[in-house]
Amino acid sequence: MTAATKICEYQPGLEGIPATKSSISYVDGTKGIIEYRGIPLEQLAKKSSFLETAYLLIWGQLPNETQLEEFATEVRFHRRIKYRIRDMMKCFPETGHPMDALQTSAAALGLFYSRRALDDPEYIRKAVVRLIAKIPTMVAAFHQMHLGHDPIQPHDSLDYAANFLYMLTEKRPHALEAKIFDVCLTLHAEHTINTSTFSAMVTASTLTDPYAVVASAVGTLAGPLHGGANEEVLSMLEEIGLIDNVLPYVEECIAHKKKIMGFGHRVYKVKDPRAKILQELAQQLLNEKGCDKYYDLALELEKVVEDKLGVKGIYPNVDFYSGLVYRKLGIPRKLFTPIFAIARVAGWLAHWKEQLAVNRIFRPTQVYTGEHNAPYIPMAER
Ligand code: ACO
């Protein structure tokens, strides 16, 4: 028996098992605290921008003015995608989910930038810039193709968040909309060793290329128990339809052990601090753009779920209000999870870079529950 098997018992979902040491972010799920590199996320949401936060996560400290300007300029320069990638995307079925399109396109970047030099800081910097720059363009391009249009080229005069919104509509977004969208990206940029980050780290531990690392994380984020929940929250609110239906809906879910989307978290046993900020952003947008019946439904749902499931530590998670914010920004539902990916690329790359410095291949063990020395039964006797 090795040291590891002696101290660890099998835990479904690896709950509570440390799988890495990291100085990138910190979460206290009972106090509702989240920090990126030690800085409370609330501060970053108020004072920083997504690109500045991405720099902080990946390089470990806030950039000075010149560093941020250089990073932003380089990202802006690398936003366009190769026409061969666009042509490849045109062959995807328009009915496919944008997360599948994104996973395939992210992996395809590895075909074009295939020099794998993981000990070269310049290679690492270029890969970071390319992925942060090109992922939004790929998401927007597939969206346009899905609508039967040609992709809208990035707009050089627009910053990161505004440019993404522009590529969806060919209209310059209102400054408040761009600002709120940028804060959403900051809020989703990193969250310790969550499922997609773990997936990125497992893939990275083989020393494969960063495009494969991000592609594997995108595939993991797509599931409804992880990033996919934000789409399902809106479907659920539509299904509920009326305030009077909220209580019966929740009772029905509890009776049939059905998960209420946008609630519950492996780590948080209180309301997710990101949900609090997103709720404030939703409120700001409502003040600007007028009320939304789904927001009222969401408030009632939160009240009823807290009443029925608060004792179990089930409160809104990050996905509960993000869909409502995106809806108010006019973003189509199928893009909610890809937007999560646009933001989380920063966290995935921060963990990739951190792990490269101390890499050891992930190779856990298992508890075997099968037979031993079983007979081989000839085909005719089965
Ligand atoms: N609705 C109702 N009950 C819930 C919910 C929920 N959303 N979440 C957890 N519970 C209950 C479970 O039924 C279980 O009750 P029991 O002990 O009586 O059987 C208990 O709380 C523990 O639930 P688990 O599923 O074991 O918790 P786990 O930590 O494995 O799962 C997860 C966490 C996957 C997020 C879960 O809460 C869930 O499925 N939520 C809905 C989907 C969702 O919103 N996902 C987004 C998460 S945030 C993110 O990934 C970005």
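**View 1. Backbone and side-chain partners of the ligand.** In this predicted model, a polar backbone atom of Phe263 sits 2.8 Å from a nitrogen atom of the ligand. Ile260 also takes part through its backbone, where an N or O atom lies 2.7 Å from a ligand nitrogen. Lys259 uses its side chain instead: an N or O atom there is 2.7 Å from an oxygen atom of the ligand. On its own the ligand would expose 910 Å², and the protein buries 72% of that area.

**View 2. The shell around the ligand.** Pull back a little and you will find 19 residues surrounding the ligand. Lys259, Ile260, Phe263, Arg266 and Lys312 are the closest of them. By character, the shell divides into 9 nonpolar, 5 polar and 5 charged residues. If you are wondering which pocket this is, the ligand takes up the space of the largest one.

**View 3. An aromatic pair, Phe181 with Tyr326.** Now for the aromatic rings: the model has 13 aromatic pairs. In the one shown here, the ring centres of Phe181 and Tyr326 are 6.3 Å apart and the ring planes meet at 65 degrees, so this pair counts as edge-to-face; the cut-off for that label is over 60 degrees. Phe181 belongs to helix α9 (residues 175-188), while Tyr326 belongs to helix α16 (residues 318-328). With their positions 145 residues apart in the numbering, the two rings link distant parts of the chain.

Conventions:
Residues are numbered from 1 along each chain as its sequence is written. This is a predicted model: local features need pLDDT of at least 70, side-chain atom pairs count only at pLDDT 80 or more; totals for chains, interfaces and linings use all residues. Side-chain values use heavy atoms; hydrogens and water are left out. A residue is near a molecule or strand if one of its heavy atoms lies within 4 Å of it. A polar contact is a pair of N or O atoms within 3.5 Å; within protein, one must be able to donate a hydrogen and the other to accept it, and residues adjacent in sequence count only if both atoms are side-chain atoms. Accessible areas come from the Shrake-Rupley method with a 1.4 Å probe; for residues, only the protein chains shown count as cover. On a 1 Å grid over the protein atoms alone, a cavity is a set of points where a 1.4 Å probe fits but cannot get out, and a pocket is an open set with protein on both sides within 12 Å along at least five of seven lines; lining residues have an atom within 4 Å of a point. A molecule sits in a cavity or pocket if more than half of its atoms lie within 2 Å of its grid points. Ala, Val, Leu, Ile, Met, Phe, Trp, Tyr, Cys and Pro count as nonpolar, Asp, Glu, Lys and Arg as charged, and the others, Gly among them, as polar. Rings of Phe, Tyr and Trp (its six-membered ring) pair if their centres lie within 6.5 Å; planes under 30 degrees apart count as stacked, over 60 as edge-to-face and the rest as tilted. Helices (H or I, at least four residues) and strands (E, at least two) are DSSP runs, numbered from the N terminus.
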